[in-house]
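Reader: I am a first-year student and should be grateful for a close look at one part of this model. Please begin with the terms that are needed and then lead me to the part itself.

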Amino acid sequence: MRSIFKEIKLSSILLLLLGSAILAFGLYNVHSISNVTEGGILGLTLFLEHWFGISPSVSGFGLTVLCYFLGWKLLGKLFLVYSVISSLGFSVFYGIFEQFEPLFPNIGEKPLLAAVVGALFVGISIGLCVRVGGAPTGDDALAMSLARVFPIDIQWVYLISDLIVLLISLSYIPVSKIMYSLLTVILSGQIIGVMQKIQLGESTLSAQESCK
């Protein structure tokens with residue numbers, strides 16, 4: 001355990017907290033108002049609730065724990081430490097933003113704009129966290145784990161998993177609403193991929209390589 005703490009870098013923690021803050025800001029000010037959502041675990045929990053009556057509080061917790069367990073087994077203890085930091089950071093920042101009125105209260109009336117802006121917030125924030133080896137959500141832990149196992153870039157892992165969830169969600173969500181979510185997941189996934197290729201310094205190199 002002591003060796004793990006020696007591997008933790010302050011620069012990585014700062015990037016994790018920055019990414020978590022951006023993610024919380026975007027989800028609170030854009031996604032929660034526009035109802036243009038991501039795929040992944042969130043979409044899957046809603047699907048399970050609609051068709052099987054399983055509460056998202058139960059399915060979401062179970063799926064998230066499973067994803068983090070998989071990440072820990074494949075990516076190691078440092079991944080788990082960084083993920084805890086980013087997850088806690090997200091919760092704290094979201095709680096702070098909730099104390100204020102949303103900055104874009106009418107963005108729900110412009111779903112196309114919401115989809116693009118929301119994708120920017122998600123892509124940049126998750127990109128920062130993932131490139132230093134942390135996963136603020138279970139979706140990110142799953143994507144990082146699968147990218148480690150399969151020879152494909154992480155943005156395509158995000159896209160494939162999100163498309164599967166959005167596809168099955170068509171069983172109860174109108175196509176018109178799914179299309180905006182589809183745009184969001186495509187854009188955010190590609191932005192995450194771009195973020196992995198931006199050189200921010202040697203401290204992020206090993207984490208970046210672990211997600212290839």
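Author: Helices here are DSSP runs of H or I with at least four residues, strands are runs of E with at least two, and both are numbered from the N terminus. The model is a predicted one. Counted in this way, the chain has 10 helices and zero strands. Its pattern, read along the sequence, is α-α-α-α-α-α-α-α-α-α.

The chain as a whole provides the setting. Its C-alpha trace spans about 50 × 35 × 30 Å along the principal axes. A compact globule of 212 residues would have a radius of gyration near 17 Å, and the chain agrees with this because its own value is 17 Å. Of these 212 residues, 42% count as buried. Among contacts in the chain with a separation of 6 or more, 81% are between residues 24 or more positions apart.

The part chosen for the close look is the place where helix H2 meets helix H5. A suitable starting point is Ala 24, which is found in helix H2. Is Ala 24 buried or exposed? Buried means under 20% relative accessible area; Ala 24 has 0% relative accessibility and therefore counts as buried. Leaving aside residues up to four places away in sequence, Ala 24 touches Phe 90, Phe 93, Tyr 94 and Phe 97. The C-alpha atom of Ala 24 is also separated by 8.8 Å from that of Val 92, although the two residues are 68 residues apart along the chain.

One of the residues that Ala 24 touches, Tyr 94, leads to the aromatic rings. A pair of aromatic rings is described by the distance of the centres and the angle of the planes. The structure holds seven aromatic pairs. One of them joins Tyr 28 and Tyr 94, with 5.7 Å from centre to centre and 85° between the planes, an edge-to-face arrangement. Tyr 28 lies in helix H2 (residues 10-34) and Tyr 94 in helix H5 (residues 77-97), so this pair ties together parts that are 66 residues apart in sequence. Tyr 28 counts as buried because its relative accessibility is 13%. Phe 97, another residue touched by Ala 24, forms one aromatic cluster with Phe 25 and Phe 121.

A ring may also have a charge placed over it. The charged end of Lys 73 sits over the ring of Trp 72, at 5.1 Å from the centre of that ring.

For a view beyond this part, helix H8 (residues 154-169) may be considered. Its 16 residues should span 22 Å at 1.5 Å a residue, and the end C-alpha atoms agree with this because they are 23 Å apart. The buried residues of H8 include Ile 154, Val 157, Leu 159 and Leu 166. Helix H3 (40-52), helix H6 (111-131), helix H7 (138-149) and helix H9 (175-197) are the elements against which the buried residues of H8 pack. For H9, 23 residues at 1.5 Å a residue should span 33 Å, and this agrees with end C-alpha atoms that are 33 Å apart. Buried residues of H9 include Ile 178, Val 185, Gly 189 and Met 195.

The cysteines complete the account. Cys 67 counts as buried because its relative accessibility is 8%, and Cys 129 counts as buried because its relative accessibility is 0%. A disulfide requires two cysteine sulfur atoms within 2.5 Å, and by this rule the count comes to zero disulfides.

Technical notes:
Residues numbered from 1 in each chain as written. Predicted model: local features only at pLDDT ≥ 70, side-chain atom pairs only at ≥ 80, totals over all residues. Heavy atoms only, no water. Buried < 20%, exposed > 50% of the residue type's maximum accessible area, 1.4 Å probe, protein only. Phe/Tyr/Trp six-rings, centres within 6.5 Å; stacked < 30°, edge-to-face > 60°. Lys NZ or Arg CZ within 6 Å of the ring centre and 35° of its normal. Contact = heavy atoms within 4.5 Å. Expected span 1.5 Å × (residues − 1). Rg over C-alpha atoms; globule rule 2.2 N^0.38 Å.
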